[in-house]
Amino acid sequence: MGRWIFLNSTSSDFMESSGDSDEMDTEGIEPDLLSVFVQFPDTIPLDKGLGHPLAAYSHLESYLIDYFIHGIGPNCSLSPIENPYITLITPLALSHKTLRDALISAAGNQLRLLGDNRFTKEALIYKNRALKGLQQEIELGSISDGAIATVLMLCFHDVRCMLSLW
C-alpha cells in the first residue's frame, strides 16, 4: 500500500496461450515479458492506495499542480521532449514537500497574473511554506536536489511577478 507501481507490458501478455499452462515458468514471469518499477514516494499516504499521483493531495493542490503540468510547464521550454520543468521539477515535487509548495505557489501566482484571483492568498501561503522549508533544509545542512529546485521555482515565481509590472 502507498507504493507506485509502473507495469510495462504488451497486449500479448494478456492473450491466452495456445500451449499447455504447465510449460509456464513456475517461479514467475519471464523478465523480458514484464518489467516492474516500484517507487516509494514519501508523500503518498498509505490510506490513499494506488491511483492518480495527484489524488494524494488536496483539491486545491491537485488543481494547481495540474495547472503547472499542463498550463505552465509546456511553455517553459523550447523542446516538448526535453523540458526540465516537466521531466525533472514536477516528478521531484511529488516527493519533496518544499519544492511542491514552491511549485503550487508559482502556479497560483501565474493564475493571478492572468486575472484569476481565486488563488492569490494560497500563492502567498505556499510561498511562505516553501521559504520556511528551504530555510530548515539550509539550517540542517541537508541541501538536496529538491532544495536547489525550490530556489529555481521561487525565482520563477518572482521573475513572473516582475515581468507583470512592465
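# Exercises on a predicted model

Cysteine 155 counts as partly exposed, because its relative accessibility is 43%. The structure used in these exercises is a predicted model, and each task below is followed by a worked solution.

**Exercise 1. Decide how cysteine 76 is classed by its accessibility, and state how many disulfides are counted.**

Start with the accessibility of cysteine 76, which comes to 28%. Buried would require a value under 20% and exposed a value over 50%, so cysteine 76 is placed in the partly exposed class. Then turn to the sulfur atoms, for which a disulfide requires a pair within 2.5 Å; by this rule the count is 0 disulfides.

**Exercise 2. Describe the secondary structure of the protein and the order of its elements.**

Begin with the count, which gives 5 helices and 2 strands. Next, follow the chain from the N terminus, where the order of the elements reads β-β-α-α-α-α-α. For the burial of the protein, take its 166 residues, of which 33% are buried. Finally, consider the contacts between residues at least 6 apart in sequence: 69% of these join residues that are at least 24 apart.

**Exercise 3. Work out how helix 2 and helix 3 meet, and which residues make the contact.**

First locate the two elements, with helix 2 covering residues 84–93 and helix 3 covering residues 97–113. Their axes come within 7 Å and cross at roughly 115°. On the side of helix 2 the contact is made by Ile89, Thr90, Leu92 and Ala93, while helix 3 contributes Leu99, Arg100 and Leu103. Sorted by class, the residues of this contact are 5 nonpolar, 1 polar and 1 charged.

**Exercise 4. Determine whether serine 105 and aspartate 101 are buried or exposed, and find their contacts beyond four places in sequence.**

Serine 105 belongs to helix 3, and aspartate 101 lies in helix 3 as well. Serine 105 has a relative accessibility of 1% and therefore counts as buried; aspartate 101 is buried too, because its relative accessible area is 3%. Leaving aside neighbours within four places in sequence, serine 105 touches Ala123, Tyr126, Lys127 and His157, whereas aspartate 101 is in contact with Tyr126, Arg129 and Ala130. To add a distance, take aspartate 101 and isoleucine 125, which are 24 residues apart in sequence and have their C-alpha atoms 8.8 Å apart in space.

**Exercise 5. Find which residues form a cluster of rings, and where arginine 129 lies relative to tyrosine 126.**

The count of aromatic pairs comes to 4. Ring pairs join Phe68, Tyr85 and Phe156 into a cluster. As for arginine 129, it lies over the face of tyrosine 126, at 4.6 Å from the ring centre.

**Exercise 6. Place serine 144 in the chain, and describe its accessibility and its contacts.**

Serine 144 is in the loop that runs between helix 4 (120–140) and helix 5 (145–165). Its relative accessible area is 25%, which means that serine 144 is partly exposed. Once neighbours within four places in sequence are left aside, serine 144 is in contact with His96 and Glu137. As a last step, compare positions along the chain and in space: serine 144 and leucine 134 are 10 residues apart along the chain, and their C-alpha atoms are separated by 10.0 Å.

Terms used. Residues numbered from 1 in each chain as written. Predicted model: local features only at pLDDT ≥ 70, side-chain atom pairs only at ≥ 80, totals over all residues. Heavy atoms only, no water. Buried < 20%, exposed > 50% of the residue type's maximum accessible area, 1.4 Å probe, protein only. Helix = DSSP H or I, 4+ residues; strand = E, 2+ residues; numbered from the N terminus. Contact = heavy atoms within 4.5 Å. Phe/Tyr/Trp six-rings, centres within 6.5 Å; stacked < 30°, edge-to-face > 60°. Lys NZ or Arg CZ within 6 Å of the ring centre and 35° of its normal. Axes fitted to C-alpha atoms, helices over the stretch in contact; angles between N-to-C directions. Nonpolar A, V, L, I, M, F, W, Y, C, P; charged D, E, K, R; others polar.
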